[in-house]
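Hi there,

Here is the structure I promised to pass on. Have a look at it first, and then read on for my notes.

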Amino acid sequence: MAIWNTQERRLALALQGGGSFGAFTWGVLDRLLEDHVEFDAISGASAGAVNAVLLASGMQRGGPKGARAALTGFWTDVARAPGLPPFMLSALAASAQFLSPYTYPLNLNPMRDLLVKHVDFERLRQQPPMRLFIAATRVRDGSPIIFRESKISLDVVLASACLPLLHRAVEIDGEVYWDGAFSANPPLRRLAIETAAEDILLVQIMPEEEEKVPHSSSEITQRAQMITFNASLQHELQALEDLRASCNGTKAVFSPICRKLRRQHLYRLAATDSVEDLSLHSMMDTSAALLRNLHDAGRDAASAWLAREETEQAA
């Protein structure tokens, strides 16, 4: 078993959003927690935000074991909830653009009850075990808004995971928000600036490439969403690269931020490297079989990464 040297190294996590594909991140976190990796900061959007608060809240209650239990409990409940068969998921994706969540009298969101069950938000705000950066997209101007640990609430996480064709916008302090994946998926530049960790692990769950040209309405809708969610990640990566480039020359000598950025290492675990044909699945598919497959793939990917890091530390 690989052992992360917690006396010398702490880890910052950047967790991408992408619906049920977030079960891959569950597996990654499950394996890291098993190895007692210590986390300095976590950023997340959408499903990444959900996983971030589950980990943080569980860590408060019972350390790594508590965090693993919170993640497992949430995703097990997701798998047990009534789901839709694949053909109905396709129909829903195709018809979503013609419907509105405001058409219906009730504003129902099944994730609300699951988050209330598994996350103690009041305690999380009062005693956060690590820095948190949760992204939501402000509807008024499309700006990414980053909520910090003292502001994390049920509504903040629901806003971060609010797909506007499925759920009504979430209002917080007079502003309304949609899914954070539209604007910062996940927040990376801010995380790099503020974390004290020298190692950042980006967990990417949305497929970037697709060989097949989409033809049906559902295929087109899903591919467009994948492109949108990854575009905000590419923007964050480019912003971080530009920031590092600005530190070249004498500025790096005098700027504490530049000195930190020069020491930082960015690692990436991508679900598509571990899950074959992930793009053929819907991120609204919450079947137990898919979630378990993604979890197991995430654990394996994290194990391989830990083993590589152990080898490099020993060298």
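**A glycine in a loop**

Let me start with glycine 180, which sits in the loop between β6 (175–179) and α7 (189–194). Before going further, please keep in mind that this is a predicted model. Is glycine 180 buried or exposed? Its relative accessible area is 0%, so glycine 180 is buried, the cut-off being under 20%.

Which residues does glycine 180 touch, leaving out those up to four places away in sequence? They are Ala45, Ala135, Ala136, Thr137, Ala159, Ser160 and Asn185. Isoleucine 145 is worth marking in your viewer as well: from C-alpha to C-alpha, glycine 180 and isoleucine 145 are 8.0 Å apart in space, while 35 residues separate them in sequence.

**Aromatic pairs**

Next, the rings. A pair of aromatic rings is described by the distance of the centres and the angle of the planes. The count comes to 5 aromatic pairs. One of them joins tryptophan 26 and tryptophan 75, with ring centres 6.3 Å apart and planes at 5°. Why is this pair called stacked? Because planes under 30 degrees apart count as stacked, and here the angle is 5°.

Tryptophan 26 belongs to helix α1 (residues 22–34) and tryptophan 75 to helix α2 (residues 47–80), so their pairing ties together parts that lie 49 residues apart in sequence. Both tryptophans, 26 and 75, are buried.

Tryptophan 75 also forms an aromatic pair with phenylalanine 74, and this one is edge-to-face, at 5.5 Å centre to centre with 85° between the planes. Phenylalanine 74 has a relative accessible area of 2% and is buried; for tryptophan 75, also buried, the value is 5%. Through these ring pairs, Trp26, Phe74 and Trp75 are linked into a cluster.

**How α1 and α2 pack**

The two helices that carry the stacked tryptophans pack at an angle of about 25°, and their axes are 9 Å apart. Angles under 35 degrees count as roughly parallel, so that term fits α1 and α2. Their crossing is right-handed.

Which residues meet where α1 and α2 come into contact?

- From α1: Gly22, Ala23, Thr25, Trp26, Leu29, Asp30, Leu33 and Glu34.
- From α2: Ala47, Asn51, Leu55, Met59, Pro64, Ala67, Arg68, Leu71, Thr72 and Trp75.

By type, the residues of this contact divide into 11 nonpolar, 4 polar and 3 charged. Trp26 and Trp75 appear in these lists too, which brings us back to the stacked pair.

Best wishes, and happy browsing!

Note on methods
Residues numbered from 1 in each chain as written. Predicted model: local features only at pLDDT ≥ 70, side-chain atom pairs only at ≥ 80, totals over all residues. Heavy atoms only, no water. Phe/Tyr/Trp six-rings, centres within 6.5 Å; stacked < 30°, edge-to-face > 60°. Helix = DSSP H or I, 4+ residues; strand = E, 2+ residues; numbered from the N terminus. Buried < 20%, exposed > 50% of the residue type's maximum accessible area, 1.4 Å probe, protein only. Axes fitted to C-alpha atoms, helices over the stretch in contact; angles between N-to-C directions. Parallel < 35°, antiparallel > 145°, perpendicular 65-115°, else oblique. Left-handed = near helix turned anticlockwise from the far one by under 90°. Contact = heavy atoms within 4.5 Å. Nonpolar A, V, L, I, M, F, W, Y, C, P; charged D, E, K, R; others polar.
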